Amino acid sequence: MPDVAAGPPPAYLTRHPRVGQWIGIDGDRIIIKPGKVELGQGVVTALAIIAAEELRVRPERVSVLPTATDTSPNEDYTSGSFSISQGGASIRAAAAALRSLLLARAEGVLGAPAADLEIVDGDVAHGGQHVSYWDGIDDEAFGLAISDIPARGAPAAKPPSLGRLDLAAKLTGAPAFIQDLDLPGTLFGRTVRPPAAPRRLERLDDRRARLTPGLVDVVRTGDFLGVVAETEEAAIRAAVALSQDCVWAASPHEPPTQDGAWMERAASPPEVVYERHDAAPRNSVKVISAVYRKPYIAHASIAPSCGLARWDAAGALEVWSHTQGVFPLRRELAGVFGMPESAVVVRHAENAGCYGHNGAEDAALDAAILSRAVGGRPVRVQWSRADEFGNEPYGPAMQVQIEAGVAEDGAINSWRQEVWSNGHTARPGRGQGLSLLGAAELVQSDRLDDALDPPLPYGGSLRNAIPLYEAPDVTVIRRLLTQTPVRVSALRSLGAFANVFAIESMIDELALAAGQDPLAFRLRQLSDDRARQVLEAAAERVGWVTREADGRALGLAFARYKNSGAYCAAVAEVSGDHPLGISSLVLAVDAGRVVSQDGLRNQIEGGAIQAASWTMKEMAPVYDGGRPSGWADYPILSFSEAPSVEVVVIDRPQAPSLGAGECAAGPVGAAIANAFAAAYGVRIRDLPITRERVLAAS
Amino acid sequence: MADDIHFKLNGQPARLAAAGGGMLLFALRNELGLKGPRFGCGEGHCGACMVLVDGRPANACDLPTSAAAGTSVVTPEGLGATPEGQALQRAFIELQAGQCGYCLSGVLISAAALLRREARPTETQVRSALDRHLCRCGTHQRIVRAVLSAAAELADA
């Protein structure tokens, strides 16, 4: 099939141009080798579907090789909703190239052009003669460059349907996660850290910990402190004893103040990052100025981080990690230990969903340090719940100031937006080599690399900071915060959550001020048909008349993730009887060509419910100086509180596939705020929207 | 040995050394090799390590091994041998009720106990039974639907 949806070749195909770097044949199975990893989002299944679709085989025939630095192409991080748009495009191109090779061989044997061949699950037929994919092709063919292989099409096929490949193991209690990997002789490791590490270790008395039966060693290197034991219980007991018998220096970071005054002190001068001034300014008849705030939010993965490592006699390091990027982690580990990257192998193993940069890579380094201290024996480090809440990087707090005006004709006239935020990514392999807690502790530093703020067009703090609405006069300014009062890094959707929450709340406020219906107000000022269509689809599904009709109170919001990814509109409905106060969410999504209908819906549903949890419940209480230590300190949405979610999918088979894992967050946050405004006439601009805040504002 | 802890594990006789003195979760995972109960918080808050003890769901992470003596313990590995477990596994596959899946094995344990107790639970009863479990991926609604669907299948059988 001529691939109208392919677009330009993904960057990673340029780096790994050969067929065999991405795909292979083993007996009667297709093996794909993605560089993107399973984070619970279902990407491995989606990639198998893509390969099966291109090769016209049953998806059950496709196996997915776990990602590792010694066998997989380097696709950098699995992040930013690029797994389908980039990783999927790589696998699609490789699978199409393999199909072309297989069909070229079949053409020769069957004496007919590819277009006339019938392909059924690897069996290629013409005029009663058959050739099988599984007869194989020359090994040399896998060394060919994908871009050099003349395309041989096949009749168009719909993407096959395939359930999650990893689900059965997770329903039957089979080993499925990094915690379940058992290498012969694996020892149990625990680290001992205060919250808000790295901090200097001032005093340590390890005599009590050393009496723990089953202890192998107490490991202190610089300010790194940990234990290795024969049993998990012994490791925990020794770690608890050590934590009681050591003294840590105070954190060098000044805690932020509740009133946001610290932001004023920490902010860089205003930096104009986007402006357009299309027409001579008109007078605005209404101007609204407002500040929207989002607190620090924890990734709060259900399982704390875990790492497994061993060293061989020749000094090579092998690490298992639930990292989002095996290659960047390899680079960081090699740097920490001063060894060549070729002497380090990092293998991906699943853990609970991470939704961004949590403690995964810290735990991997912890395991490597502890294993090295016990002669290279395999050590699995399991962080405790308190370790994770105490030291995972949080999604940065943000403040978004918007001043916007509408002209006499009711159109948006001017828009000035200031985004106050720390950088949004402190991922390993990106900074100056001090991105991991253990790395700083080894060299006795009490500071980590600052989080970087990715530039537009995708942006970190600026992700979705430029409104898509037509307005003649738009200025977007960044106030980058140079101090990091608490460790921060990437959390699902980065700055988009706060920016969309702010923009879409402001749009609602403007519509109200202009006396217009929020749906009509949006539709009127969006020129992109696909944007308008998701709004219309969501509105139609809920039977939108206006924000309050028939005793219902609805809130609406829209965004196109990264301003270049999936389109998403959300409608939230308030119900005073519901435990959460929000009884339902209806979303409409356009992610281009859909790979897996159900996989897409699952991601949207999950993203919506997680965003509802952020919006209504979550705030990491760093303001009081103490980080949460357990779930009691950081409640997330419960089964009884979860609102219903309905998803309308607009499939566009002719358009490139767009990642969708993060597109729901911002629209859901703003839709909820707008629904509360419709229901109670209160405008909550500080997240989370707690009952107390709603009552105080009423 | 005489002071070993004897109990039934997924229907079979099992034995643990009493000297360990630890929590059932680590004994199951590290000594008996059953990885189905997952380590989530170690504090009995998240439900990832849920097992059935004499038919009742219990967090294995804060249950001392000694408390298992003389009981019948069912882990997620053993659920497939029960009608409730089978119906739940089928329904969860059918509705693709999972994302990362870390919470699922514990969720199935609580759901199986509920279905054993209540042949046709209401949606509110399902949610209330699952409130001992945390799900971070936002798969709540699919999970609730899958439990209700399994209940319907069992009732129709």
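Modeller: Before we start, a salt bridge here is a side-chain nitrogen of Lys or Arg within 4 Å of a carboxyl oxygen of Asp or Glu. This is a predicted model, where local features need pLDDT of at least 70, side-chain atom pairs count only at pLDDT 80 or more, and totals for chains, interfaces and linings use all residues. Residues are numbered from 1 along each chain as its sequence is written, chains are lettered from A in the order in which they are written, and side-chain values use heavy atoms, with hydrogens and water left out.

Biologist: OK, so which side chain does D180(A) meet in a salt bridge?

Modeller: That of R29(B), at 2.8 Å from N to O.

Biologist: And how many salt bridges are there across the interface of chain A and chain B?

Modeller: The rule finds six. It also finds 29 residue pairs in polar contact across that interface, both residues at pLDDT 80 or more. A polar contact is a pair of N or O atoms within 3.5 Å; within protein, one must be able to donate a hydrogen and the other to accept it, and residues adjacent in sequence count only if both atoms are side-chain atoms.

Biologist: Which helix gives the largest share of chain A's side?

Modeller: α15(A), with 11 residues. Helices (H or I, at least four residues) and strands (E, at least two) are DSSP runs, numbered from the N terminus.

Biologist: What area is buried between the two chains?

Modeller: About 4400 Å², with carbon and sulfur atoms giving 55% of it. Buried area is the accessible area (1.4 Å probe) that two parts lose on being put together, summed over both. On the chain A side, L171(A), I302(A) and F639(A) lose the most to chain B, together 21% of what that side buries.

Biologist: How many residues are in contact?

Modeller: 67 of chain A with 49 of chain B, where contact means heavy atoms within 4.5 Å.

Biologist: Switching topic: what's the strand order in the open sheet of chain A?

Modeller: Its five strands run β12-β20-β19-β18-β13, with mixed pairing. Two strands pair if DSSP finds at least two bridges between them. The edge strands, β12(A) and β13(A), each pair on one side only.

Biologist: How do β19(A) and β20(A) run?

Modeller: Parallel, joined by eight bridges. R416(A) stands opposite T475(A) there.

Biologist: Then there's the hairpin of β5(A) and β6(A); which residue takes a positive phi?

Modeller: G127(A), near 55 degrees, in a hairpin with two residues between the strands. Those strands pair in the antiparallel sense over four bridges, and H126(A) has Q129(A) as its bridge partner.
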